[in-house]
Amino acid sequence: MPVVSSRSWWLWMVILLTAYCSGASWAVFRAEWRLADELPMAWESRDVVVTGVVRGLPRQLDKASRFEFEVADASAPVPGRIQLTWYPPRNGSAELPDLRPGQRWQLTVRLKRPHGFMNPFGFDYEAWLLERGIRATGYVRDGVPHPRLDEETPGLMNRVHRVRDSVRRRFADVLGESPYRGVLTALAVGDQRAIPDAQWEVFRRTGTNHLMAISGLHVSLVARFAAGVVGWSWRCVPRLMLRLPSRKAAACGGLMFAGGYALLAGLGLPTQRALIMLSIVAAAILSGRDARPSRVLALALFCVLVADPWAVSSPGFWLSFGAVAVILFVVSGRIAPTTGWRAAVRVQLAITLAMVPALLVLFNAFSLLAPFANALAIPVVSFVVAPLSLLAIVLPVPAVLELAHWAAGGLMAYLEMLSAQTFALRVQPAQPALLVGCGVAAAAWLLLPRGTPARHVALLAFLPLLLWQPARPGMGEFDVVVLDVGQGLAIHVQTRSHDLLYDTGPPYGPAVDAGQRVLLPYFVSSGVRGLDTMVISHGDADHVGGAETVVAAMPVRLLMTNPGETHVVLSEKAEETLACRAGQTWKWDGVRFEVLHPRADLPAYRKANDNSCVIRIAGEGGSVLLTGDIESPAERALLAWAGAADPAGRAGGTGGAFGARGGGEAADAVEGVAVVDRTTRLASDVVVVPHHGSLTSSTPAFVNAVSPQHAIHVVGNLNRFRHPHPEVWARWAQAGARNWRTDGQGAIRVRVRGDGVDLVSERVRRTRYWHGR
């Protein structure tokens, strides 16, 4: 056994330390460079005149257009690349202009710094913007002239994007409203946004969504096909063979065609990574070196990270490099390698198994039917649908597109059949790092060659990944998560064995709402598979916007709504419905829930806000007050009914005359409603401030009666109502409360335990250097 000298050991340590410091320094330099291109806070939400060029393919929303804009000149310090949304005029006097790549415009816009929702396990929109170099977002002002200065601007990428746009428009003209037009467009020019959400869900449930993104698979197939054609043609001309070996000529030809395809796809980040990897392989062939595949992969990884340090924040980075590493691990170094269809099956099964830990970390789900779906989808997409889509670009014959659409339709029928199976997708809550590490080690052990001792025993290491559930509060304890949904409200309350959702956030558009974008991903990651109770405080859109999405995706046992309001769709989905009335109470796992408002003996208020369902939750260590959008009239009624602050101290704990089903044990739903003693107090440790901190709420008497330690303001970033009002903010602070706000701190988690109340914000728990910059 060779002995490593102490000098060699120190040399390797110095090399590794130097490499680490160099990489960290490069990443810091690139980060500071990009973050320096920022919008000053003083220029947020102010009119700015910018002149520049439309970059990339504009995205058509329901009634608006969204596009990237390269700024050449501006009336204020504006970043070089911004993302804009152009809405139609409010008076309907004109239509939106026909935006095309390369057009040069002078626009009056209002911008804001990068900002996104920050929720537990949620998508980091600010990181996504940073990776793409977008340093501000905003909208084009209505009622202001916006002259188009040039129809076409010189430049390679501008020409490329115009070609892509013309291809997309021709596909739309030929196929019209054909259901799979978006699939063909995505495969031809990389416009994945053309694929409807329903089809993305089919791809997700069958593990085939990687086929719809132009990345390593598609680029490498084009390169391999082109290399084969160039190599065969080269061998047919002896003179060319004497000048350059056919293998090297094939490498050059394959790389050139792959580069052309990457340009046609918009040269997005996944295609850039694939092109870098192919360039490394081609360089190895041209140099005459028979490089090991592992070294080629490592060098490609190095080049990708040098070119794009933020690539590590993209799921595609981990999945693409991970899949290539698995393929090399399975097919390399074997004495008798498997060939033909057996090799393809082996590789597909290996990738499916090895990617399970990564998919659970990145998406909290993996498809159980992925091997069966990919067995057909990969050859059909790679050798039929994608080639026909590319052929339709250079051969503008409608029959080619129609044939491609027919093939795509046949494949989709098969995938939809698989997707309809209830067991198609395995969904798991967010996994601890230790279990993920065990899963990766188990996958590597299982992929070792036949004959490895106890290889199949490694399957047992996957069981914790599939069975693990996150910890829940104990008896008499509860968690309250005030989610960051923008200008709206959504609160999750969890006890040892029950879950309650108070309001569901706002809609973000005709087809997108807080339920789809925030609540369902949060519930999946948290291990919540159903709701015992959903409370709709009142019918305003910013409180009920995501309700239909939630009830369609998970079971809801009881729906509590504002008296006098009917929610037909929600009522049909829920097992039981009940109107909120003051005096209702129930107990779950030693935690007491009490409805304080609205009162049954008073007529309904004129404003819907004042009819909001107000709930107080009390455990052994503290209490939380959920107030909806009540304003001063409802606050006065609450003070008259519930009384002033408790003279004996804070009204916490689980005692009192609260009628609970099952002798205080977990109740299945709110039944056996009891009317409680009216000496119940409003005093609470934590309050969700009424009406987002509006000046119409939080009267001094109400603030003093609640007298909380913490006041949470649920507001949207730069909201048009300017919530929370500075006077309301100061009023809660003067009452001794620490103020929190979701727009600046993200979701707020309230943990009520036997020893008291603890709060933590998501932006503090998950601090990143790009947040707020």
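Let's start at Pro724, which is found in the loop between strand E20, residues 710-713, and helix H24, residues 726-734. Keep in mind that this is a predicted model. What joins His723 and Pro724? A cis peptide bond, with omega about -5 degrees.

There is another cis bond to look at. The peptide bond from His597 to Pro598 is cis too, and omega there is near 5 degrees. Pro598 is found in the loop between E16 and E17. Why point these out? Most peptide bonds are trans.

Stay with that E16 to E17 loop, please. Cys613 lies there as well, while Cys580 lies in the loop between strand E14, residues 576-579, and strand E15, residues 585-588. A disulfide joins Cys580 to Cys613, with an S to S distance of 2.4 Å. The cut-off for a disulfide is sulfur atoms within 2.5 Å, so this pair passes. How many disulfides does the count come to? One.

Which hand does the disulfide have? The torsion about the S-S bond is about -85 degrees, so the disulfide is left-handed. In sequence, the parts that the pair ties together are 33 residues apart.

Now accessibility. Are Cys580 and Cys613 buried or exposed? Cys580 is at 0% relative accessibility, so it counts as buried. Cys613 is also at 0%, and it counts as buried. The cut-off for buried is under 20%. Compare two other cysteines. Cys21 is at 40% relative accessibility and counts as partly exposed. Cys438 has a relative accessible area of 36%, so it is partly exposed as well.

Next, helix H22, residues 632-642. Which of its residues are buried? They are Ala634, Glu635, Ala637, Leu638, Leu639, Trp641 and Ala642. Note that Glu635 is on that list. What covers them? The cover includes strand E16, residues 591-597, strand E17, residues 614-618, and helix H23, residues 700-706. You have met E16 and E17 already: Cys613 and Pro598 sit in the loop between those strands.

On to the backbone around H23. Two residues here have a positive phi, and neither is a glycine. Most residues other than glycine have a negative phi. One of the two is His691, with phi about 50 degrees. His691 lies in the loop between strand E19, residues 686-688, and H23. Its relative accessible area is 14%, so His691 is buried.

The other is Ser707, with phi about 45 degrees. Ser707 has its place in the loop between H23 and E20. At 27% relative accessibility, Ser707 counts as partly exposed.

Last topic: a helix pair. Take helix H9, residues 269-286, and helix H10, residues 293-307. Their axes come within 9 Å and cross at roughly 135 degrees. H9 and H10 are therefore oblique to each other. Which hand does the crossing have? It is right-handed.

Who meets whom? From H9, the residues are Arg273, Ile276, Met277, Ile280 and Val281. From H10, they are Val296, Leu297, Leu299, Ala300, Cys303, Val304 and Ala307. By class, that contact has eleven nonpolar residues, no polar ones and one charged. The charged one is Arg273 of H9.

To recap, keep three places on your screen: the disulfide of Cys580 with Cys613, the buried residues of H22, and the crossing of H9 and H10. Thanks, I'll take questions.

Terms used: Residues numbered from 1 in each chain as written. Predicted model: local features only at pLDDT ≥ 70, side-chain atom pairs only at ≥ 80, totals over all residues. Heavy atoms only, no water. Axes fitted to C-alpha atoms, helices over the stretch in contact; angles between N-to-C directions. Helix = DSSP H or I, 4+ residues; strand = E, 2+ residues; numbered from the N terminus. Parallel < 35°, antiparallel > 145°, perpendicular 65-115°, else oblique. Left-handed = near helix turned anticlockwise from the far one by under 90°. Contact = heavy atoms within 4.5 Å. Buried < 20%, exposed > 50% of the residue type's maximum accessible area, 1.4 Å probe, protein only.
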